[in-house]
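Colleague: Before I use this model, I would like to know what stands behind the labels put on it. Please show me the structure and take the terms in turn.

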Amino acid sequence: MEIVVKLNEQDVEHFRSAMRKIYSAKSDLDDKTIINHARETISEIRQSDAPEYIQERIGSLEALIGLLTNSHWKMPPQDRPKILETLAYFTEVHDLIPDELPGLGYLDDAFMIDIACQDFKDELEAYRDFCVYRVIEAEQKGRDISKAEGAEWLEHRRKQLNLRKYLSKKESQY
């Protein structure tokens with residue numbers, strides 16, 4: 001069964017506010033700790049019988065973590081907090097819908113992941129393309145993936161992304 005939920009801007013802001021609140025409550029944690037907690041939670045969910053709707057979103061969550069942690073992908077500093085808010089929310093068991101509630105506990109987490117993925121849609125697309133490029137480059141050159149930088153491709157793709165963001169902002173002004 002498929003259920004479609006449409007959120008208006010007020011609904012989305014409600015969820016963003018909940019993410020910010022939990023992130024603020026975890027202000028004593030550094031970025032690395034939040035990321036590690038998210039990875040641990042992802043691992044637990046992968047090994048559990050968590051609902052399919054959350055299992056499907058784990059890959060997106062891992063890609064968001066990659067935006068923050070990949071040494072070849074330089075995430076703009078102003079964007080980091082939004083992703084960290086999502087990760088902090090995801091790792092909080094007692095959020096809007098407590099995670100231990102069977103069947104529904106991760107529903108709010110799924111919304112949060114979807115909101116973050118929408119906010120970073122272009123970045124995620126470019127990052128996934130970059131990861132594929134690095135794998136192909138490493139295979140073609142017979143090198144370890146960690147040594148495949150893709151710097152030239154990355155610079156070209158980053159310019160495309162910045163142009164797309166600029167045009168999107170300009171379009172929304174009209």
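Colleague: What percentage of the residues of the protein chain count as buried?

Modeller: This is a predicted model, and in it 40% of the 174 residues of the protein chain count as buried. The accessible surface comes to about 10900 Å², with 52% of that belonging to carbon and sulfur atoms.

Colleague: What makes up the protein chain, in helices and strands?

Modeller: There are eight helices and zero strands. Along the sequence the pattern reads α-α-α-α-α-α-α-α. Among contacts with a separation of 6 or more, 64% are between residues 24 or more positions apart.

Colleague: Why is W73 called buried?

Modeller: The cut-off for buried is under 20% relative accessible area. W73 has 5% relative accessibility, so W73 counts as buried. F130 is at 0%, and therefore F130 is buried too.

Colleague: Why is the pair of W73 and F130 called tilted?

Modeller: Ring centres must lie within 6.5 Å to pair, and planes that are neither under 30 degrees apart nor over 60 count as tilted. The centres of these two rings are 5.6 Å apart and the planes stand at 45°, so W73 and F130 form a tilted pair. W73 sits in the loop between helix 4 and helix 5, while F130 belongs to helix 7, so the pair ties together parts 57 residues apart in sequence. W73 and F130 also form one aromatic cluster with Y127.

Colleague: How many aromatic pairs does a search of the whole structure find?

Modeller: The search finds three aromatic pairs. One of them joins F15 and F111, with ring centres 5.3 Å apart and planes at 65°.

Colleague: Why is the pair of F15 and F111 edge-to-face?

Modeller: Edge-to-face needs planes over 60 degrees apart. The planes of F15 and F111 are at 65°, so the pair is edge-to-face. F15 is in helix 1 and F111 in helix 6, so this pair ties together parts 96 residues apart in sequence. Both F15 and F111 are buried.

Colleague: How do you know that the span of helix 5 agrees with its number of residues?

Modeller: The expected span is 1.5 Å times one less than the number of residues. For the 12 residues of helix 5 that gives 16 Å, and the end C-alpha atoms are 17 Å apart, so the two agree.

Colleague: What makes helix 5 mostly covered?

Modeller: Nine of the 12 residues of helix 5 are buried. Among them are I83, L87 and F90, and also E85. The buried residues of helix 5 pack against helix 1, helix 2, helix 3, helix 4 and helix 6.

Colleague: Which residues have the most contacts inside the largest nonpolar core?

Modeller: They are I54, L64, L67, I83, L87 and F90, in a core of 40 residues. Helices 1, 2, 4, 5, 6 and 7 each supply at least two residues of this core. Leaving out residues up to four places away in sequence, L87 touches I34, I35, A38, L61, I65 and L68.

Colleague: Why does C131 count as partly exposed, and how many disulfides are there?

Modeller: Partly exposed lies between the buried limit of 20% and the exposed limit of 50%. C131 has 26% relative accessibility, so C131 counts as partly exposed. C117, at 16%, falls under the buried cut-off and so counts as buried. A search of the whole structure finds zero disulfides.

How values were computed: Residues numbered from 1 in each chain as written. Predicted model: local features only at pLDDT ≥ 70, side-chain atom pairs only at ≥ 80, totals over all residues. Heavy atoms only, no water. Core = buried A, V, L, I, M, F, W, Y, C linked by side-chain atoms within 4.5 Å. Buried < 20%, exposed > 50% of the residue type's maximum accessible area, 1.4 Å probe, protein only. Helix = DSSP H or I, 4+ residues; strand = E, 2+ residues; numbered from the N terminus. Contact = heavy atoms within 4.5 Å. Phe/Tyr/Trp six-rings, centres within 6.5 Å; stacked < 30°, edge-to-face > 60°. Areas by Shrake-Rupley, 256 points an atom, 1.4 Å probe, with all protein chains shown as cover. Disulfide = S-S within 2.5 Å.
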